[in-house]
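Me: I am new to reading protein structures and would like to look closely at one part of this one. Could you take me through a sheet slowly, strand by strand?

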Amino acid sequence: MGERVVRALDGVSLEVVPGEFLGVVGRSGSGKSTLLNLLAGLDRPSSGSLWVGERDLARMSPEQLALHRQHTVGIVFQFFHLIPTLTALQNVELPMAFSGLGPGKRAEKARSLLDNVGLSHRLDHIPSQLSGGEQQRVSIARSLANDPQFLLADEPTGNLDSTTAGEIQEIFKRLHLEGRTVICVTHEQDLWKDCLDRVIELRDGRLFREDRLGSSEGGWNGIPGEED
Amino acid sequence: MPWRDILQMAWRNIGQARLRFVLTCLGVLIAISTLVALVSFGAGLRLQTVGNLEVREVFTSFQILGPARSQSFRRFRDSGPDSATPTARPVLDEDLVRRVAALEGVVSVQPDIRFAARLEHGDKVHLTRVRGAGPHVAPLSPYSKITQGRFLSGTQGAEIVLTGRVARRLGFEPPEQAVGKTIQLLTDRLKRDVSDGDLPFQTVRFSYQVVGVLPRLLPNQTNPFFRGVVIPLEEARELWKENASGMTSLSGLTSLEEGRGREYDSIDVRVADLVSLERVREEVRSWGAATFAIVDQMKRIQEAFLVLEVVLGVLGGIAMLVASLGIANVLIISVMERRQVIGIMKAIGGTDRDVRRIFLAEAGLIGFSGGVMGLLAGWTLTRIATVFIDRYFQSHDILNAPNLFAYPLWLVAGAIGFAVGLSLLSGVIPANRATRVDPVEALRQG
């Protein structure tokens with residue numbers, strides 16, 4: 001008996017330009033998270049290629065992919081995924097420790113990053129002592145630890161109330177304006193419409209629709225596909 | 001990730017499951033304390049034996065063996081001639097003593113003079129063997145350990161040093177009461193005018209003043225060549241040269257009768273160092289004499305102790321092997337429990353190598369902590385045992401009870417190294433499992 005082959009992504013061709021804020025939408029199981037995992041180097045495509053700058057992620061060794069996650073991309077998860085035994089400061093320091101930065105410098109930088117997301121008063125709290133919004137801010141600060149070029153966010157506001165979600169969205173907006181390339185998987189249509197330059201919709205692992213938006217073109221007018 | 005950070009993280013992880021850590025460490029502690037106690041016992045025994053030999057200068061001394069002694073030492077001595085070819089060897093007499101003394105590197109040459117004698121004090125009688133001792137014996141154990149009285153003042157004079165046991169047999173209780181007292185020494189002398197039916201011996205009697213009593217020591221704390229009751233060397237020589245006790249052949253008697261004097265059983269030669277020992281022995285052997293030195297036996301002794309230590313070490317090692325299985329088990333469970341954390345670490349840039357090192361560091365820290373504590377526990381155990389051993393020996397009037405446990409540096413470093421090494425080894429499988437955790441799967445399950 002053979003196993004049924006599931007193609008999480010099939011024939012998706014996509015190019016993201018530096019400084020772009022790309023939204024990825026689609027129903028559950030459409031391949032959004034798989035796309036993000038591929039871009040993060042957490043997963044590998046079974047065929048095809050995935051270029052980040054001059055490098056093809058599909059051909060990288062596990063060690064090179066780990067370095068890619070260390071330096072090139074920062075990931076923000078829906079469920080924050082902070083290490084429960086570490087304080088906010090230590091969680092933010094961890095990627096810098098992996099990249100070999102000394103304790104003094106990384107503590108200083110982690111404080112500055114947490115200050116930027118409004119958490120300078122919560123440095124020594126462990127995740128269980130923080131609210132969901134605060135945990136997500138720590139997660140964002142952690143994703144910026146090694147100054148990555150790309151920010152990958154998987155439903156970053158999916159687990160937050162609307163007020164907190166708005167605050168998180170504002171942080172992403174600011175980071176984008178600072179010049180970072182942001183790729184954000186989301187279900188929340190209205191929340192993100194002010195920031196997205198372009199939105200793609202995946203359906204059954206295929207690129208179903210692509211809309212170029214952006215403030216210059218009059219902003220977001222609704223998530224494609226939701227019209228169906 | 002630098003090692004300092006890895007160790008910090010490993011220590012923090014261990015701190016999250018303190019009870020588990022303590023229990024796992026306890027396994028290592030028991031194993032290492034057992035190992036340390038057993039091996040230190042082996043090392044202690046070896047030091048007691050070999051170390052004492054070194055202290056007693058026997059490594060820089062050897063014996064030239066006469067025909068009788070050569071026979072009884074035939075299993076141990078060098079391949080010199082035996083008694084079957086007496087003409088091929090030099091006679092052990094004063095001439096030979098002088099020849100050897102003239103060799104370069106020789107510190108002292110002394111014939112081994114001893115004879116059977118009867119000691120009397122009042123109505124108490126004791127048969128023993130009396131030796132002649134020169135001044136060179138004074139700094140050697142057991143004579144260096146005289147606590148009651150003193151050693152002989154010279155090579156002549158009516159002085160005698162008794163052992164505690166002999167003093168008791170002569171009615172001195174406690175034995176130190178003998179110091180200053182006069183006792184009688186009776187021995188046999190060759191009689192030249194023998195009428196028919198008489199034995200060719202007569203008993204002669206001398207008075208000796210007891211100047212010292214030896215404490216009771218363990219056999220390994222005394223000199224193997226010089227121990228027991230002693231009188232000044234020249235006094236002994238006079239009594240010995242016409243004394244037939246200990247002779248093993250009639251040829252000895254004949255030589256006495258012919259006035260040729262008695263051949264020594266053996267001659268004790270002391271040299272300056274080990275190099276001189278070999279050179280002087282070689283020279284003496286070239287004259288046809290058989291020699292014996294403890295150095296020859298050292299290899300066998302060392303081998304025997306090595307086997308003992310290995311056996312004891314293996315017993316302790318088995319305990320450590322069991323403990324290391326415990327470490328592996330705990331770490332494998334830890335990997336399963338921390339799948340999500342491993343996934344997070346990988347997602348934010350941790351390499352497989354970082355993850356592997358963190359788990360190995362945890363294993364190493366368990367081994368190190370257990371090893372250090374086990375070493376302390378083992379040491380404490382052996383100290384307690386030593387207290388009881390000391391009391392036991394003291395209750396049997398034995399001074400200077402042996403220290404049966406030794407902690408040489410190699411044992412201290414080896415025990416901790418062994419604990420850390422085996423722990424690291426037991427951490428390899430869990431650490432490799434941790435590297436195989438798929439971050440996508442781990443994060444999804446979290």
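What follows is a walk through one sheet of chain B, with a short look at chain A afterwards.

Me: Which strands form the open sheet in chain B, in what order, and what lies around them?

Reply: Happy to help! Keep in mind that this is a predicted model. The open sheet in chain B is built from four strands in the order 2-10-1-11, and their pairing is antiparallel. The two edge positions belong to strand 2 (106-111) and strand 11 (290-292) of chain B; each has a single partner strand, so one side of each is left without a neighbour in the sheet. On average, neighbouring strands here are turned by 25° against each other, if direction is ignored.

Let's follow strand 10 of chain B, residues 266-271. It pairs with strand 1 (residues 61-65) of chain B over five bridges, in the antiparallel sense. You can find two of these matches yourself: Phe62(B) has Val269(B) as its bridge partner, and Leu65(B) has Ser266(B). Strand 2 of chain B is also joined to strand 10 of chain B by five bridges, and these two run antiparallel as well. There, Val109(B) stands opposite Val269(B). Put together, Val269(B) is matched with Phe62(B) in one pairing and with Val109(B) in the other.

A general idea helps with the next step. In a regular strand the side chains alternate between the two faces of the sheet. In strand 10 of chain B, one side carries Ser266(B), Asp268(B) and Arg270(B), while the other carries Ile267(B), Val269(B) and Val271(B); all of them are buried, and both faces are covered. Six of the six residues of this strand are buried, so strand 10 of chain B is largely enclosed by the rest of the structure.

Now look for the helices that touch this sheet. Helix 4 (residues 94-101) of chain B packs on the sheet and touches strand 2 and strand 10 of chain B. Its direction makes about 170° with that of strand 2 of chain B. Helix 8 (residues 274-286) of chain B lies across strand 1, strand 2, strand 10 and strand 11 of chain B, and runs at about 145° to strand 10 of chain B.

Chain B also meets chain A: 19 residues of chain B are in contact with 22 residues of chain A. On the side of chain B that touches chain A, helix 10 of chain B gives the largest share, four residues. By class, that side has nine nonpolar, five polar and five charged residues.

For a second sheet, turn to chain A. Here an open sheet of six strands has the order 4-5-6-1-7-8, and the pairing is mixed. Strand 4 (73-76) and strand 8 (206-212) of chain A stand at its edges, each with a single partner strand, so one side of each is left without a neighbour in the sheet. The twist from one strand to the next averages 15°. Strand 5 (residues 150-154) and strand 6 (residues 181-185) of chain A pair in the parallel sense over five bridges, and one match to look for is Ala153(A) with Cys184(A). Helix 5 (residues 132-143) of chain A lies across strand 4 and strand 5 of chain A, running at about 170° to strand 4 of chain A.

Methods:
Residues numbered from 1 in each chain as written. Chains lettered and ligands numbered in written order. Predicted model: local features only at pLDDT ≥ 70, side-chain atom pairs only at ≥ 80, totals over all residues. Pairing = 2+ DSSP bridges. Axes fitted to C-alpha atoms, helices over the stretch in contact; angles between N-to-C directions. Contact = placed C-beta atoms within 7 Å. Buried ≥ 20, exposed ≤ 12 C-beta atoms within 10 Å, placed from the backbone. Nonpolar A, V, L, I, M, F, W, Y, C, P; charged D, E, K, R; others polar.
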